[in-house]
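Take a moment to look at the sequence and turn the 3D structure around before reading on. This short report walks through its domains, sheets, helices and cavities.

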Amino acid sequence: MGQNEAPRSFPGVTGQPLRFGDDPLLWAAWLYYQDGLTQAEIAALMGVSRPSVNSYLADARTRGIVSIEIDPDRFRALSLAQAMRDHFGLADCLVIPSSGSDAPLLDRLGAAGAQVLSRLARSGDTIAVTWGRTVLSMAHRIDRGALQDLRVVQATGGTTAKIPWTPEACATRLAEALGARSIPISAPAIVSSTEMRALLVQEPVVAEQMEILAQANRIVLGISSLRPESTIHTSGFFDGVSMSAHYHAAVGSIAGRLISAGGAPVDGPLEGRTIGIDLSALKTIPCRLGVAGGMDKVPAILAALRGGYVSVMVTDADTARAILTSEGHEDLPVRTGQVAPEALPERLRIKKFLNRPQDAVKETIEGALFAHQDLLVPIKGAPRALRAADGPRPGKVGLVIGGGSGHEPGFFGYVGRGLADAVAIGNVFAAPPPDPILAATLAADGGTGVLHIFGNFSGDVMNFEMAAEMAVARGVPVRTVVTTDDIASAPIDTPTARRGVAGNVFVFKIAGAACDRMLPLETCAALAMRANQRCYTMGIALEPGASLESRKPSFRLGPDDMEIGVGVHGERGIARSQLATADEAADLIADRILQEMRPMNGDRVALLVNSLGATPQMELYILNRRLRQRLKARGVEVHRTLIGHYYTSLDMAGVSISVLHLDDELALLLDHPCRSPAWVQI
């Protein structure tokens, strides 16, 4: 808390703030060195004597927690937790490291949530529980302690038993761990009709259970994204319900209730069929503990925080930073006691060769068509859809790719013989609408079906899915591969939550070659999926890209900083560090990729050293030199190297490294001839 900030009181939250754990030395050091409180003020706040505070500060210096400054890693974790608490008006917040442990993030979040609930719970509590992987992990890690007379009640009815993290399992396991009485909801979470729901909640047993749920004074909340592998999907909530038709505004869910980006409830056909706590009742519970993390959940967690559904939050550092960045928060500087270097003049407006920003995409496509008349032709009636000049070929599986503009030469640069047959193009960093995707699909159809490949972004997933449904209705079989090569965007234990970035280029090439060899649709899809699963990408930025509209940088980066794990839509990364040499930057990426890929001596890879827009060839070759040294030392052969502008992020100064772990079949397809605006191979 700041020097002029009065202590706040929240129901069920007392004592030392969560972010300091059980370490009073760290708490005292923060209040003294960061917040500037006097020892007398710290003593009053902590409830100890002034000599105790003096002893804490001396011990903190002895232990190396502070030496004029707080240790930078601890400082960042504490500052993120405080910023989350202050920005969203939370009672408290605990932020754990995103990496540095072999344990999956889900398990570490569960352990942290268990510690927090142990501190918050009191004898006589009624604790409502939602469900999901993280909630079940938390239930497995909590200690009983000395609490008595507890009740644990399901926050919703039951779900499909195909998953182990059902509402019943989460509530039962938590009740067992706490020595509490377990109260189920003896009805499904989703029933067939509103009339059926009305009948069930009037049944005496269910009515009694719902009444106990209404008495909950604490609730443990999992927060679900809406990705296909998310808790809400695997629980069977959307079976038979079209997400795109009814819930296009939703970004996440809590207790089976859908919420928008702003945190508002999203109404739809499931609302009147759901048995469990509703969002308005949830917000009246005094203590609402949210436990969730991972970059794939950032939109959902942010929506839950904006909606006020969480009062105590447990998350990880990368997620907290991404959430705060979305809200315009800037990182607090680490106090080092050293004079900060003089800042370079900040670029407030970037020069660009544009006419009107709103015409940039249209004029880009027109210019590309003039430049590549022998390769690309427009699809009639679809201004944002192009096809290969020599397609479609009868009996050949069609390949359709697509995504937002701003990645040039992606995506139209990979349309041509041996690559894609057609492409749909969206606005800058925005998914193409379903109509041009459908037009591209029909134009690419040679009578044996069409393969869709695109990056793992919610808009692309939704719009390609809608277009596929429309194509199938017209008799065109469609298979889909969603690329997920960005290893920085989600933990290793949730690979399907990762973004699709420059590794797209390799997946397009493998799929295009398979289609060009006249392989059947299922085989082409399987080979593209294998390439995606064996592709690893990570990026670093030295300067952000700038918006076409405002011509301002998408985020701020200090003169001696670099951003690690950046996205290709101008997103900030997962971490920020001091500017490194080319070899150090290459090592940072190589370490992460090799740790995941785990190649054996003699394995082969394809390597893409990709400029994110403003990085010149000279620097890419310097980075490539170090990458080749690292791969040679590991006994890995580089079968093919691509260096240059292959998949950019407007004018971002930075690099992304993609490594495709080859097998014999993938190597054969990679070597297959192709000819497109961005890749010619004889």
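How do the residues of the lining of the largest cavity divide into nonpolar, polar and charged? Keep that in mind, and remember that what you are looking at is a predicted model. The answer is eight nonpolar, no polar and one charged.

**The cavities**

Let's see who those residues are. The lining of the largest cavity consists of Ala590, Ile593, Leu594, Leu607, Leu627, Arg630, Leu631, Ile657 and Val659. Three elements each give at least two residues to this lining: helix H20 (582-597), helix H21 (617-633) and strand E23 (653-662). The space inside amounts to about 70 Å³. In total, four cavities of 30 Å³ or more are counted.

The second largest cavity, at about 60 Å³, has another cast of residues around it. Among them are Ala388, Asp390, Gly391, Arg393, Lys396, Arg417, Leu419, Asp421 and Asp516. By class, its lining holds two nonpolar, four polar and six charged residues.

**How the chain is divided**

Stepping back to the whole chain, you can find domain 1 (24-63), domain 2 (72-236 + 249-327) and domain 3 (357-681). Between the C-alpha centres of domain 2 and domain 3 there are 35 Å. Ten residues from domain 2 and 14 residues from domain 3 take part in the contact.

**A sheet with parallel pairing**

Now look for an open sheet of seven strands. Following the order E3-E11-E10-E7-E4-E5-E6, you will find parallel pairing. Strand E3 (92-96) and strand E6 (181-183) each have a single partner strand, so one side of each has no neighbour in the sheet. From one strand to the next, the twist averages 15 degrees.

Zoom in on one pair inside this sheet. Strand E7 (residues 218-221) and strand E10 (residues 287-291) run parallel and are paired over four bridges. Here Ile219 has Arg288 in E10 as its bridge partner.

Two helices can be traced across strands of this sheet. Helix H7 (residues 167-178) lies across strand E4 (126-129), strand E5 (151-154) and E6, at about 175 degrees to E5. Helix H9 (residues 204-214) also lies across E4, E5 and E6, but its angle to E5 is about 115 degrees.

There is a backbone detail to spot just before E5. Asp149 sits in the loop between helix H6 (133-141) and E5. Although Asp149 is not a glycine, its phi is positive, at about 60 degrees.

**A sheet with mixed pairing**

Next comes an open sheet of six strands, in the order E12-E13-E15-E14-E16-E17, with mixed pairing. Why do E12 and strand E17 (478-483) each have one side without a neighbour in the sheet? Both stand at the edges with a single partner strand, so one side of each is left free of a neighbour. On average, neighbouring strands of this sheet are turned by 25 degrees against each other, direction ignored.

Helix H16 (residues 434-444) packs on the sheet and touches E12, E13, strand E14 (398-405), E15, strand E16 (450-455) and E17. Its direction makes about 25 degrees with that of E13. Helix H17 (residues 458-473) lies across E14, E16 and E17, at about 170 degrees to E16.

Strand E13 is a good one to follow by eye. E12 and E13 form a hairpin with two residues between them, and Gly381 in the turn has a positive phi of about 80 degrees. Ile379 stands opposite Ala382 in E13. E13 also pairs with E15, where Arg387 stands opposite Ala422. The table sets these two pairings side by side.

| Strand pair | Sense | Bridges |
|---|---|---|
| E12 (residues 376-379) and E13 (residues 382-388) | antiparallel | four |
| E13 and E15 (residues 422-428) | antiparallel | three |

**Cis peptide bonds in the loops**

Finally, look at the loops on either side of E14. A cis peptide bond with an omega of about -5 degrees joins Gly391 and Pro392. Pro392 belongs to the loop between E13 and E14, and Gly391 has already appeared in the lining of the second largest cavity. Gly410 and Phe411 are also joined by a cis peptide bond, with an omega of about 15 degrees. Phe411 lies in the loop between E14 and E15.

Note on methods:
Residues are numbered from 1 along each chain as its sequence is written. This is a predicted model: local features need pLDDT of at least 70, side-chain atom pairs count only at pLDDT 80 or more; totals for chains, interfaces and linings use all residues. Side-chain values use heavy atoms; hydrogens and water are left out. On a 1 Å grid over the protein atoms alone, a cavity is a set of points where a 1.4 Å probe fits but cannot get out, and a pocket is an open set with protein on both sides within 12 Å along at least five of seven lines; lining residues have an atom within 4 Å of a point. Grid points are joined across faces, edges and corners, and a volume is the space filled by probe spheres set on the points. Ala, Val, Leu, Ile, Met, Phe, Trp, Tyr, Cys and Pro count as nonpolar, Asp, Glu, Lys and Arg as charged, and the others, Gly among them, as polar. Two strands pair if DSSP finds at least two bridges between them. Axes are lines fitted to C-alpha atoms, for helices over the stretch in contact, and angles run from 0 to 180 degrees between N-to-C directions. Contact means heavy atoms within 4.5 Å. Domain bounds come from an automatic or database domain assignment.
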